[in-house]
Amino acid sequence: MRPQEFVEMVRRRQESCLALLEEKALEYSSGDDRLSNFKRAGAVLGVKPTQALMGMLVKHWVSIAEMVQSDQPYSPEKWAEKIEDAINYMYLLEALVEEEQV
């Protein structure tokens, strides 16, 4: 892949990730706190919100690992879905970490 093709791929993925984050915000957060679902999950489990997020993220990593190890072909759409979920969890983790440091 040429450098410019790579940059274009990253830009497309970032735009798609942001659109997905905005869509999921309506489903998974309440009020004006975008991270409320991780805080609630942490409270239920008796762990920090970052730890709750990691528990949820592991599911995505396991799914990606199974796809990578499989001989089964997956559609580009399926790869995009899994990759975007993992990327978005990293953004959400960064937001939680930033909040913890305030």
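## Salt bridges in this model

The structure holds 6 salt bridges. This is a predicted model, so here is a friendly tour of some of these contacts, starting with a general thought. Side chains of opposite charge can pair when their charged atoms come close.

## Glu84 and Arg13

One salt bridge joins the side chains of Glu84 and Arg13, with an N to O distance of 2.5 Å. The two partners come from distant parts of the chain: Arg13 belongs to helix α1 (residues 3-28) and Glu84 to helix α4 (residues 76-100), 71 residues apart.

Their surroundings are worth a look too. Glu84 has a relative accessible area of 7%, and because buried means under 20%, Glu84 counts as buried. Arg13, at 26%, is partly exposed.

## A network around Lys39

Next comes a set of three residues: a network of salt bridges links Asp33, Lys39 and Glu99. On one side, the side chains of Lys39 and Asp33 meet at 2.8 Å, N to O. On the other, Lys39 forms a salt bridge with Glu99, where the closest N and O atoms are 2.7 Å apart. Lys39 sits in helix α2 (residues 36-45) and Glu99 in helix α4, so this pair ties together parts that are 60 residues apart in sequence.

How accessible are the members of this network, Asp33, Lys39 and Glu99? Asp33 is partly exposed, with a relative accessibility of 22%. Lys39 is partly exposed at 28%, and Glu99 is partly exposed at 39%.

Key. Residues numbered from 1 in each chain as written. Predicted model: local features only at pLDDT ≥ 70, side-chain atom pairs only at ≥ 80, totals over all residues. Heavy atoms only, no water. Salt bridge = Lys/Arg side-chain N within 4 Å of Asp/Glu carboxyl O. Helix = DSSP H or I, 4+ residues; strand = E, 2+ residues; numbered from the N terminus. Buried < 20%, exposed > 50% of the residue type's maximum accessible area, 1.4 Å probe, protein only.
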